[in-house]
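This briefing sets out the sheets, helices, nonpolar cores and aromatic pairs of one protein model. Please consult the sequence and the coordinates alongside the text.

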Amino acid sequence: MKNKGIWLLQETTPEQLHRVKELAPDYEVIDGFSDSTLNFPAADIEIVYGWSSAKADFLLENKDSHLKWIQAKSAGVDTMNLSLLNEKNIILTNASGIHGVPIAESVFGMLLADTRGIKKAINQQTNKVWSQTESLVELKGKTMMIIGMGQVGKEVARLAQAFGLNVIGVNRSGNPVTEVSEIIKQDQIPKHIKRADFVVNILPLTSETTNYYDDSFFTSMKKGAGFINVGRGPSVDTDALIRQIKNGQIGFAGLDVFKEEPLAKDSPLWDLPEVLITPHISGVAEHFKKRLFAIFEENLTAYVAGEELPRNVIDYKHNY
């Protein structure tokens, strides 16, 4: 019997399952997605595809565990015990890149809902109200600041340029990004923030980005600017955002992620007409399984060859 296991906790197609077995013939492939019974020694599981804390956390506590690599199914991995994974020298790869298209499209859905009066029209339709407006905003010529220039940020930037927006990209290094003509380092935001008509958060969640968007940040923005959050909920000080919306500093907020989910029914955000709430759906991808498996397949090919994994390896120094 093979004494090394690949535990599949993400749904796979028959073709994908066949491909895993083809790439890793020396491994036992266990379908843990459709079968909750683990009929294989837990200590011999070496690879997990698609992490589920409820099903697999016990592997991290098993002193005899030979777990070496986890392919997560999400881009954000802040809910995982990263310090323990680092301590155990377990490689972690995430799903960065597979959500770029749907999240970018969601960003512009939110923006257009506000700038073209669509959100207001939906509310009027519910009440059978015909009320035209002569004051709507065009995106062309406006400036968008994208904070977080990973794969999602690049796709947002690509669409932004198609809309005729000027784009300021923000990353930690200030290194050029082909999708934008202007890139600044994160610590340079205060010098440029007043230029932005729209700010889009796509930062990963770390100790440095928790409550990053606070009263100080919002008051530094152009008055009446829009704020979109498709990054992580805890990056935003919710009370500060509510204050700045109420006093008119933030003209529109499109929010897909929140500190606590689902959003509490008594949250003031529900009742603010300047807010558009979506229930953490911006990353729902039509081709999720295909895109995730493409990352896993490339990494698995390298893994069985004894090479470094080429895609989406988490740096435990930065936790993303």
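Which residue just after α11 takes a positive phi? The residue is Gly306, with a phi of about 75°. The model is a predicted one. Its description below covers an open sheet of 7 strands, an open sheet of 5 strands, the helices that pack on them, and the cores and ring pairs.

**The sheet of 7 strands**

- The strand order in this open sheet is β8-β7-β6-β9-β10-β11-β12, and the pairing is parallel.
- The edges are formed by β8 (182–185) and β12 (275–277); each has a single partner strand, so one side of each is left without a neighbour in the sheet.
- On average, neighbouring strands here are turned by 15° against each other, direction ignored.
- β7 (residues 166–171) pairs with β8 in the parallel sense over 4 bridges, and Gly169 has Ile183 in β8 as its bridge partner.
- Helix α5 (residues 100–115) packs on this sheet and touches β6 (143–147), β9 (198–201), β10 (225–229), β11 (250–255) and β12. The direction of α5 makes about 145° with that of β11.
- Helix α7 (residues 151–162) also packs on the sheet, where α7 touches β6 and β7. The angle between the directions of α7 and β6 is about 170°.

**Helix α7**

- The 12 residues of α7 reach 17 Å from the first C-alpha to the last, close to the 16 Å expected at 1.5 Å a residue.
- Buried positions in α7 are Val152, Gly153, Glu155, Val156, Ala157, Leu159 and Ala160.
- These buried residues of α7 pack against α5, β6 and β7.
- Gly164 follows α7 and has a positive phi, near 85°.

**The sheet of 5 strands**

- This open sheet has the order β2-β1-β3-β4-β5, with parallel pairing.
- β2 (28–31) and β5 stand at the edges with a single partner strand each, so one side of each lacks a neighbour in the sheet.
- The average turn between neighbouring strands of this sheet is 15°, direction ignored.
- β3 and β4 run parallel and are joined by 3 bridges; the bridge partner of Ile47 in β4 is Trp69.

**Helix α11**

- Helix α11 (residues 288–304) has 17 residues, which should span 24 Å at 1.5 Å a residue; the end C-alpha atoms are 24 Å apart, in agreement with this.
- The buried residues in α11 are Phe288, Leu292, Phe293, Ile295, Phe296, Asn299, Leu300, Ala302 and Tyr303.
- They pack against β1, α1 (14–23), β3 (45–49), β4 (69–71) and β5 (91–93).
- Phe293, Phe296 and Tyr303 are also linked by ring pairs with Tyr49 and Trp69 into a cluster.

**Nonpolar cores**

- Nonpolar side chains tend to be buried together in soluble globular proteins.
- The largest nonpolar core holds 29 residues, of which Met145, Ile147, Val199, Phe217, Phe218, Met221 and Phe227 touch the most other members.
- At least two residues of this core come from each of β6, β7, α9 (215–220), β10, α10 (238–246) and β11. The most are given by α10, with 4 residues.
- Leaving aside residues up to four places away in sequence, Phe227 touches Val199, Asn201, Tyr213, Phe218, Met221, Val236, Leu241, Ile250, Phe252, Ala253, Gly254 and Leu255.
- Another core, of 28 residues, lies apart from the largest one; Met110, Ile146, Ile183 and Phe198 are among its members.

**Aromatic pairs**

- The structure holds 13 aromatic pairs.
- In the pair of Trp7 and Phe58, the ring centres are 6.2 Å apart and the planes are at 70°, so the arrangement is edge-to-face.
- This pair links distant parts of the chain, 51 residues apart: Trp7 is in strand β1 (residues 5–8) and Phe58 in helix α3 (residues 58–61).
- Trp7 counts as buried at 4% relative accessibility, whereas Phe58 is partly exposed, with a relative accessible area of 38%.
- Phe218 and Phe227 are also edge-to-face, because their ring centres are 5.3 Å apart and their planes are at 85°.
- Phe218 counts as buried at 0% relative accessibility, and Phe227 is buried with a relative accessible area of 0%.

How values were computed:
Residues are numbered from 1 along each chain as its sequence is written. This is a predicted model: local features need pLDDT of at least 70, side-chain atom pairs count only at pLDDT 80 or more; totals for chains, interfaces and linings use all residues. Side-chain values use heavy atoms; hydrogens and water are left out. Rings of Phe, Tyr and Trp (its six-membered ring) pair if their centres lie within 6.5 Å; planes under 30 degrees apart count as stacked, over 60 as edge-to-face and the rest as tilted. Buried means under 20% relative accessible area, exposed over 50%, partly exposed in between (1.4 Å probe, protein chains only). Two strands pair if DSSP finds at least two bridges between them. Axes are lines fitted to C-alpha atoms, for helices over the stretch in contact, and angles run from 0 to 180 degrees between N-to-C directions. Contact means heavy atoms within 4.5 Å. The expected span of a helix is 1.5 Å times one less than its number of residues. A nonpolar core is a set of buried Ala, Val, Leu, Ile, Met, Phe, Trp, Tyr and Cys residues joined through side-chain atoms within 4.5 Å.
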